[in-house]
Amino acid sequence: MIKKRSYRFGDFELDTRARELLQDGQPVALAMVALDCLAYLIEHRDRPVGRDELISAVWGRTDVSESTLAHTIVRLRQVLGDNGNDQHSIRTVPRLGFRWIANVEEITEIADTAPIKVPVQDVAPAGAQPSGAQVSEPRRSLPSMHPRWRWLMAALLVVVSVTALVTTRPRPVPAPRVSALAPAEPYTAWVMVAEVDAPEDWAWLRLGLMDLVANRLRLGALPTVPSETALALSKQKQDSRGAAPDARLGISLRVQPQVEHDNGVWRVRLTAYPEKGSVLHASAQASDVLVAAREATDDLLIALGHSPPADDRRSPADPEKLLQQVTAARLGGHLPLAVELLQQAPPQWREQPEVALVAAKVDCDRGEREACEQGLAALLKQLPAEKNPVLRARVLTSVGWLHANRAEYDQADNVLTEALGLLRGQNAPGVLGNVYSLRGWVRLTVSRLDEAVADLSQARLAFVRSGDIREIARTDQRLGVVAGRRGQPGTALALLQRSADRFEAVGAETDLAITLIATAEVQEHLLEFEQALATTDRFWSPQFARDWGRAICRAWVLAQNGRLQEAAAMAEFILAEADPTEEAALRAEAQVLLARIALLRGQVDDAIRLARKASTPVLEDGDRREYMGNWIVLIRGLRGAGQTKSARREVELLRAWVGTAPDDWQRTGMMLMEAEQDWLEGQREPALRHYAEAMASAERLGVPEWLVAVSYSYAPALIASGHLEQAGVIGGRIGSWADQDMRAAWVQARLHQALGDVEAAQAAQRVAKRLAGERRLP
């Protein structure tokens with residue numbers, strides 16, 4: 001007996017089994033955690049639910065911040081029509097939590113089910129006869145706003161375009177041809193490179209068959225890692241049959257295909273190695289190798305307690321072999337071969353939508369963007385939404401990728417939203433995950449952080465369903481970036497380190513580098529400069545000198561560790577070698593770094609010149625925070641050069657600029673600049689007031705970098721004003737970072753000196769000097 005429970009309230013209906021909220025029969029876009037939160041409040045509407053209880057029940061752990069819960073409740077109230085004053089659905093219970101107060105109609109449907117459970121056992125089925133040709137569906141599709149790793153993100157977008165074909169070409173899972181079977185275990189499968197005993201012209205089967213088996217397992221509702229991930233794992237473990245995959249990947253089943261050809265008969269044998277239990281075998285033979293592979297895979301699915309996908313008996317003229325050969329060529333990195341295969345294919349094959357989509361993607365992979373766009377546009381005209389919604393959604397995803405790659409974010413968002421509408425009700429988790437992931441990246445890029453989190457959460461759930469461990473890690477990476485943008489460096493670091501572990505385990509070098517770059521940036525905000533340098537050591541070597549994302553990140557971290565000469569040399573190399581047009585944002589970032597280095601060396605004229613040169617629309621559009629940081633260098637350079645009036649004018653301009661799109665990060669910097677300017681002009685009371693405001697803003701952010709940055713000039717101002725006790729509070733607040741940050745150590749030295757403790761002052765001064773490296777101390 002299964003209970004299907006729904007709740008109705010007003011014009012809403014919450015289906016707890018489908019985890020869907022409907023308003024007037026139309027689905028409402030909500031993150032899964034928000035739906036779970038809503039369901040929990042309704043189910044426990046007889047009492048108030050405490051915040052800790054709600055966090056534990058919905059998120060499954062206790063380390064979720066109350067701000068995350070608050071954001072979730074705010075989103076629910078927005079959807080339900082509540083607000084802070086008019087609470088007719090979710091009421092805040094002071095000092096406790098929340099309670100559901102709206103009238104609810106509970107709907108319960110009881111259905112009889114009798115799932116058949118098949119035990120996993122050693123299976124060796126007899127050879128199967130051909131049962132018709134069916135297309136196996138080879139499948140599929142970053143990014144902080146910070147220029148230090150924007151270049152690796154651009155590279156990753158290209159990687160995503162390549163992998164958009166070589167993983168599954170999903171479609172809705174058809175009705176099973178046998179009785180419904182309950183999965184014996186929640187496997188996540190890895191299909192390894194096939195072992196082929198056949199003439200050389202069939203060598204493509206090594207990768208093509210690997211991809212076919214993985215696709216068919218996925219169509220049988222068995223989560224299976226994408227083919228490019230499987231290939232990376234196989235390269236890591238040349239003798240993988242006897243070695244378990246890295247435990248960090250969560251893979252519990254390895255499948256080794258073997259192919260033999262003898263007297264016109266193909267024999268395909270699949271050997272499955274579960275993490276626990278007996279080894280499984282499934283085999284089939286036929287005159288067509290792809291038919292034999294499908295039959296063997298279906299037998300393996302049955303042994304695992306899964307229903308094979310229905311055989312739709314496609315025409316023998318269906319170009320399945322071509323698609324698998326192209327997939328093999330792309331997996332092997334042989335794009336020219338993929339192009340040749342497509343060009344030699346019969347015209348009637350090239351006109352089929354699946355092949356046309358592959359051809360468009362190959363054009364895009366080769367940099368032939370115009371041909372790619374023309375192919376995709378023609379496909380959209382050819383594919384009505386009602387005929388093949390999943391394939392149309394895949395085409396729209398590629399179109400959205402092209403828009404995103406050109407920074408046409410509104411167009412990308414619109415196209416991807418259309419794709420999501422097509423996927424509603426379709427069983428295509430891999431495609432769904434790709435669309436949500438790309439739209440989440442787009443929204444993250446334009447700082448729509450709440451919406452980005454909602455999309456990325458949906459993407460992660462879909463990727464778990466499809467078994468895409470690499471995309472799960474990419475989603476965690478992007479969620480870590482959002483946490484960093486929100487001033488939650490601790491949460492960001494945990495997510496990024498988890499992603500890095502997975503990427504390292506799967507051998508995803510580019511993804512790992514992107515994640516480590518983001519990690520280093522967060523470590524800088526946490527004042528963990530030595531750790532950040534160690535992080536860059538993991539992705540850096542001289543061979544990456546022209547890998548601009550790695551290079552600019554490494555240069556910044558070197559500067560933060562006081563190694564100014566090395567940092568400046570790397571930045572100057574970027575300026576000399578990077579393309580002025582294609583890499584304008586990167587060059588601006590290098591100029592920002594050189595301006596900051598000049599200021600740290602006391603070369604104020606150079607700092608002013610370089611900061612003005614870097615202050616371009618390209619930098620502003622790329623990262624407002626970095627743009628403000630460069631502005632601060634300019635203002636301090638003007639002050640150092642005795643240009644007080646010019647500095648005041650820049651402060652006023654900065655205030656107006658921050659007002660156009662304020663956030664706590666930018667407000668903190670603006671108030672700090674006002675405080676320093678007031679102090680320089682002898683306006684002590686306004687200066688101390690602005691310092692206090694800046695410190696309060698830094699406390700709200702909770703980011704160590706800002707706490708120390710404000711204290712660095714606030715504490716000396718308090719000392720000079722005779723407020724030693726208050727200066728001591730400020731100094732104590734940042735004292736825990738005095739052994740790792742030059743500024744915090746220098747503040748301690750000033751405080752001890754003001755208090756008359758000469759020995760402590762000298763000790764702190766020595767620490768500050770050691771940490772300064774090549775930087776000049778005040």
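**Close-up views of a predicted model**

I90 in strand β6 stands opposite W100 in β7. The model shown in these views is predicted.

**View 1. An open sheet of three strands, with helix α1 packed on it.** The strand order is β5-β7-β6, and the pairing is antiparallel. The edges are formed by β5 (49-50) and β6 (90-93), each of which pairs on one side only. Helix α1, residues 32-43, packs on this sheet and touches β5, β6 and β7. The direction of α1 makes about 70° with that of β7.

**View 2. Pairing of β7 with β6 and with β5.** Strand β7 covers residues 97-100 and is joined to β6 by four bridges in the antiparallel sense. Along this pairing, R91 has R99 of β7 as its bridge partner, and I90 faces W100 of β7. β5 and β7 also run antiparallel, joined by two bridges. Here the residue opposite V49 is F98 in β7. Strands of a sheet pair through backbone hydrogen bonds, in either the parallel or the antiparallel sense.

**View 3. The hairpin of β13 and β14.** Strand β14 spans residues 265-274 and runs antiparallel to β13, with ten bridges between them. V255 is placed opposite A272 of β14. Two residues lie between the strands of the hairpin, and N263 takes a positive phi near 55°. In a regular strand, side chains alternate between the two faces of the sheet.

**View 4. Parallel partners of β13: strands β11 and β12.** Strand β13 consists of residues 253-262 and pairs with β11 (residues 189-191) in the parallel sense, over three bridges. Within this pairing, L253 in β13 is the bridge partner of A189. Strand β12, residues 195-197, likewise pairs with β13 in the parallel sense over three bridges. E260 in β13 is the bridge partner of D197.

**View 5. Packing of helices α11 and α12.** Two packed helices are described by the angle between their axes and the distance between the axes. For α11 (residues 353-365) and α12 (residues 369-382), the axes come within 7 Å and cross at roughly 160°. An angle over 145 degrees counts as roughly antiparallel, and α11 and α12 are therefore roughly antiparallel to each other. Their crossing is left-handed. From α11, the contact involves P353, A356, L357, A360, D363 and C364. From α12, R369, A371, C372, G375, L376, L379 and Q382 take part. The residues of this contact divide into nine nonpolar, two polar and two charged.

**View 6. The salt bridge of D455 with R439.** Side chains of opposite charge can pair when their charged atoms come close. In this pair the closest N and O atoms are 2.7 Å apart. D455 lies in helix α16 (residues 449-466) and R439 in helix α15 (residues 429-445), so the salt bridge, within the 4 Å cut-off, links distant parts of the chain, 16 residues apart. The count of salt bridges in the model comes to 41.

Terms used:
Residues are numbered from 1 along each chain as its sequence is written. This is a predicted model: local features need pLDDT of at least 70, side-chain atom pairs count only at pLDDT 80 or more; totals for chains, interfaces and linings use all residues. Side-chain values use heavy atoms; hydrogens and water are left out. Two strands pair if DSSP finds at least two bridges between them. Axes are lines fitted to C-alpha atoms, for helices over the stretch in contact, and angles run from 0 to 180 degrees between N-to-C directions. Angles under 35 degrees count as roughly parallel, over 145 as roughly antiparallel, 65 to 115 as roughly perpendicular and the rest as oblique. A crossing is left-handed if the near helix is turned anticlockwise from the far one by less than a right angle, and right-handed if clockwise. Contact means heavy atoms within 4.5 Å. Ala, Val, Leu, Ile, Met, Phe, Trp, Tyr, Cys and Pro count as nonpolar, Asp, Glu, Lys and Arg as charged, and the others, Gly among them, as polar. A salt bridge is a side-chain nitrogen of Lys or Arg within 4 Å of a carboxyl oxygen of Asp or Glu.
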